[in-house]
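Subject: Structure handover

Hi,

Here is the structure we talked about. Please open it alongside this note. My findings follow below.

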Amino acid sequence: MKTVLITGVNRGLGKELFRLFISEGFLVYGVLRNKVEAEKLALNLPNNGRVILADLSSDDSIATIQNAVEDSPIDLLINNAGIGGITFRLEETESDEIQELFNVHCLGVLRTTKALRSNLLSSAAPMVLNLNSRFGSITRQSLGTYQNIDVSYSYRIAKAAQNMLTNCLRAEFKDRIKFISLHPGRMKTEIAAKDADIEALDVAKKIVHFYTNGKFKEENGILELEKEIIEW
């Protein structure tokens, strides 16, 4: 039985991925930080579903995840947890907001990957999917591709930083762990852009299909499923 760990399973894409991978027979760990939501999610879970209560914005989450997973090999890590920014102009943007999003989107990924380093390396074919965004592309930001869509400074900065982290991890773990930066598409979420047109369940089904059929591979950019490679 392959093992998957997914962060941010309290809602949206993370919740759908958690359910789908469980239904496919994987052993699935779901990470979230809200105690009430964790207790709800844990109710009536089958034996192959596990819930981990951890706040990825804190270094304490590293030990929490390690203690929950112990020495179980992790075949797939999906870093999905994320939050949105609320300010879109320089005069409104505060450093606290940028730090908050950087702490979740970039350092949260660092913490989970660090916690599971040994578990990933003990898998025969480990893979890490870092859920990113088209708005994390510095190239497209420079070209003005999305200039008509309001996206916060903090979100764009945090996602761009996550892409650099993905590349740093690739360089260190080359040929040992696959790291993929994945844009799920224009998905309808609480922090979605105005042109969002895809349901989270449909995206989750595509991700499960890609993984179970061995379609994921490292790309020189951000992969958008069944569409294109977005430049870093």
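The axes of helix 3 (residues 60-69) and helix 5 (residues 107-115) come within 8 Å and cross at roughly 35°. Axes here are lines fitted to C-alpha atoms, for helices over the stretch in contact, and angles run from 0 to 180 degrees between N-to-C directions. Helices (H or I, at least four residues) and strands (E, at least two) are DSSP runs, numbered from the N terminus. The crossing of this pair is right-handed. That term means the near helix is turned clockwise from the far one by less than a right angle; anticlockwise would be left-handed.

Two notes on the basis. This is a predicted model, so local features need pLDDT of at least 70 and side-chain atom pairs count only at pLDDT 80 or more, while totals for chains, interfaces and linings use all residues. Residues are numbered from 1 along each chain as its sequence is written, and side-chain values use heavy atoms, with hydrogens and water left out.

Back to the helices. On the helix 3 side, S61, I62, I65 and Q66 meet R111, T112, K114 and A115 of helix 5. Contact means heavy atoms within 4.5 Å. These residues divide into three nonpolar, three polar and two charged. The classes are simple: Ala, Val, Leu, Ile, Met, Phe, Trp, Tyr, Cys and Pro are nonpolar, Asp, Glu, Lys and Arg are charged, and the others, Gly among them, are polar.

S61 deserves a look. It is buried, at 1% relative accessible area. Buried means under 20%, exposed over 50%, and partly exposed in between (1.4 Å probe, protein chains only). Leaving aside neighbours within four places in sequence, S61 touches A54, D55, L56 and R111.

**Helix 4 and helix 8**

Helix 4 (residues 95-105) and helix 8 (residues 153-172) pack at about 35°, with axes 8 Å apart. Helix 4 passes helix 8 in a right-handed crossing. From helix 4, the contact uses E97, I98, L101, F102 and H105. From helix 8, it uses S154, Y155, I157, A158, K159, A161 and Q162. The split is seven nonpolar, three polar and two charged.

Q162 of helix 8 is buried, at 2% relative accessibility. Beyond neighbours within four places in sequence, Q162 is in contact with H105, C106, V109, N130, L131 and N132. The C-alpha atoms of Q162 and S57 are 14 Å apart, with their positions 105 residues apart along the chain.

**Nonpolar cores**

The largest nonpolar core has 33 residues. A core is a set of buried Ala, Val, Leu, Ile, Met, Phe, Trp, Tyr and Cys residues joined through side-chain atoms within 4.5 Å. L17, F21, I78, L129, I207 and F216 have the most contacts inside it. Elements that each supply at least two residues include strand 1 (3-7), helix 1 (12-23), strand 5 (127-131) and helix 9 (200-212). Helix 9 gives the most, with seven.

Take I78. Leaving aside neighbours within four places in sequence, I78 is in contact with V4, L5, I6, T7, L17, F21, L129 and L131. Apart from the largest core lies another, of 25 residues, among them L5, I52, A115 and A161.

**Salt bridges**

A search of the whole structure finds nine salt bridges. The cut-off is a side-chain nitrogen of Lys or Arg within 4 Å of a carboxyl oxygen of Asp or Glu.

- R89 pairs with D150, the closest N and O atoms being 3.4 Å apart. R89 lies in the loop between strand 4 and helix 4, and D150 in the loop between helix 7 and helix 8, so the pair ties together parts 61 residues apart in sequence. R89 is partly exposed, at 41%, and D150 is partly exposed, at 48%.
- R170 pairs with E218, with 3.9 Å between the closest N and O atoms. R170 sits in helix 8 and E218 in the loop between helix 9 and strand 7, so the link joins parts 48 residues apart in sequence. R170 is buried, at 13%, whereas E218 is partly exposed, at 35%.
- E226 and K206 meet at 3.4 Å, N to O. E226 is exposed, at 54%, and K206 is partly exposed, at 30%.
- R140, E228 and E231 are linked in a network of salt bridges.

Best wishes
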